[in-house]
Amino acid sequence: MQGCFWGVELAFQRVPGVTQTFVGYTQGEKPKPTYEEVCSGSTGHTEAVQMYFNPEEVTFGALFDVLLE
């Protein structure tokens, strides 16, 4: 399944308690693949969002709900 990690990143950035986000690719074997290469399915990469959050302000469960939305 393909998606757009920038949209997911923006959704997380809007959540109070999320302090920092990063987007990129994970898995795969090719170093520094292009967006087009990843979308082609030939690299084995997956789009990913990494975030830091304050668990006193937002729960992991609430973040999971944002991801599923």
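How many salt bridges does the structure hold? I will come to the answer in a moment, but please keep in mind throughout that what we are looking at is a predicted model. The answer is that the structure holds one salt bridge, and in it the side chains of Lys30 and Glu37 meet, with 2.4 Å from N to O. Lys30 counts as partly exposed, at 37% relative accessibility, and Glu37 is partly exposed too, with a relative accessible area of 23%.

Let me now step back to the overall layout. The protein has three helices and two strands, and if you follow the chain from the N terminus on, the elements run α-β-α-β-α. Along its principal axes, the C-alpha trace spans about 40 × 20 × 15 Å. There are 69 residues in the protein, and buried residues make up 20% of them. If we take the contacts with a separation of 6 or more, 54% of them are accounted for by residues that stand 24 or more positions apart. As for the outside, the accessible surface comes to about 5100 Å², and carbon and sulfur atoms hold 56% of that surface.

Let us begin at helix α1, which covers residues 5–13. Which residues of this helix are buried? They are Phe5, Glu9 and Phe12, and when you look down the axis of α1, its buried residues fall within an arc of 65°, so they line one face of the helix. What do these buried residues pack against? Their partners are strand β1, at residues 18–27, strand β2, at residues 45–53, and helix α3, at residues 60–68.

One of those buried residues, Phe12, brings us to the interior. Together with Val15, Val18, Val58 and Leu63, Phe12 makes up the largest nonpolar core, which has five residues in all. As a general point for those who are new to this, nonpolar side chains in soluble globular proteins tend to be buried together. Within this group, Val15 is a useful residue to click on, and, leaving aside residues up to four places away in sequence, Val15 touches Val58, Leu63 and Val66.

Nonpolar residues can also be found on the outside of this model. Phe60, Phe64, Leu67 and Leu68 form a nonpolar patch on the surface, and together they have about 460 Å² of accessible area. Take Leu68 as an example: Leu68 lies in helix α3, and with a relative accessible area of 60% it is exposed, because the cut-off for that word is over 50%.

Next I would like to turn to strand β1, where we find Phe22. Phe22 counts as partly exposed, at 37% relative accessibility. Which residues does Phe22 touch, if we do not count residues up to four places away in sequence? The list is Glu9, Ala48, Val49, Gln50 and Tyr52, and you will remember Glu9 as one of the buried residues of α1. Phe22 and Ala62, for their part, are 40 residues apart in sequence and 19 Å apart in space, C-alpha to C-alpha.

Two residues deserve a careful look for their backbone angles. Gln27, in strand β1, has a positive phi of about 65°, although it is not a glycine, and Gln27 is exposed, with a relative accessible area of 55%. Lys32 has its place in the loop between β1 and α2, the helix at residues 35–40. Lys32 is likewise not a glycine, and it has a positive phi of about 55°, while its relative accessible area of 79% makes it exposed.

Finally, here are two pairs of residues whose distances you can check on the screen. Gln13 sits in helix α1 and counts as partly exposed, at 44% relative accessibility. Gln13 and Lys30, the lysine of the salt bridge, are 17 residues apart in sequence and 29 Å apart in space, C-alpha to C-alpha. Arg14 has its place in the loop between α1 and β1, and at 64% relative accessibility Arg14 counts as exposed. Between Arg14 and Ser42 there are 33 Å in space, C-alpha to C-alpha, and the two are 28 residues apart in sequence.

Definitions and conventions: Residues are numbered from 1 along each chain as its sequence is written. This is a predicted model: local features need pLDDT of at least 70, side-chain atom pairs count only at pLDDT 80 or more; totals for chains, interfaces and linings use all residues. Side-chain values use heavy atoms; hydrogens and water are left out. Buried means under 20% relative accessible area, exposed over 50%, partly exposed in between (1.4 Å probe, protein chains only). Helices (H or I, at least four residues) and strands (E, at least two) are DSSP runs, numbered from the N terminus. The arc is that of the directions from the helix axis to the C-beta atoms. Contact means heavy atoms within 4.5 Å. Patches are made of residues with over 30% relative accessible area and no salt bridge: like charges are joined within 9 Å, nonpolar side chains (Val, Leu, Ile, Met, Phe, Trp, Tyr) within 5 Å. Accessible areas come from the Shrake-Rupley method with a 1.4 Å probe; for residues, only the protein chains shown count as cover. A salt bridge is a side-chain nitrogen of Lys or Arg within 4 Å of a carboxyl oxygen of Asp or Glu. A nonpolar core is a set of buried Ala, Val, Leu, Ile, Met, Phe, Trp, Tyr and Cys residues joined through side-chain atoms within 4.5 Å.
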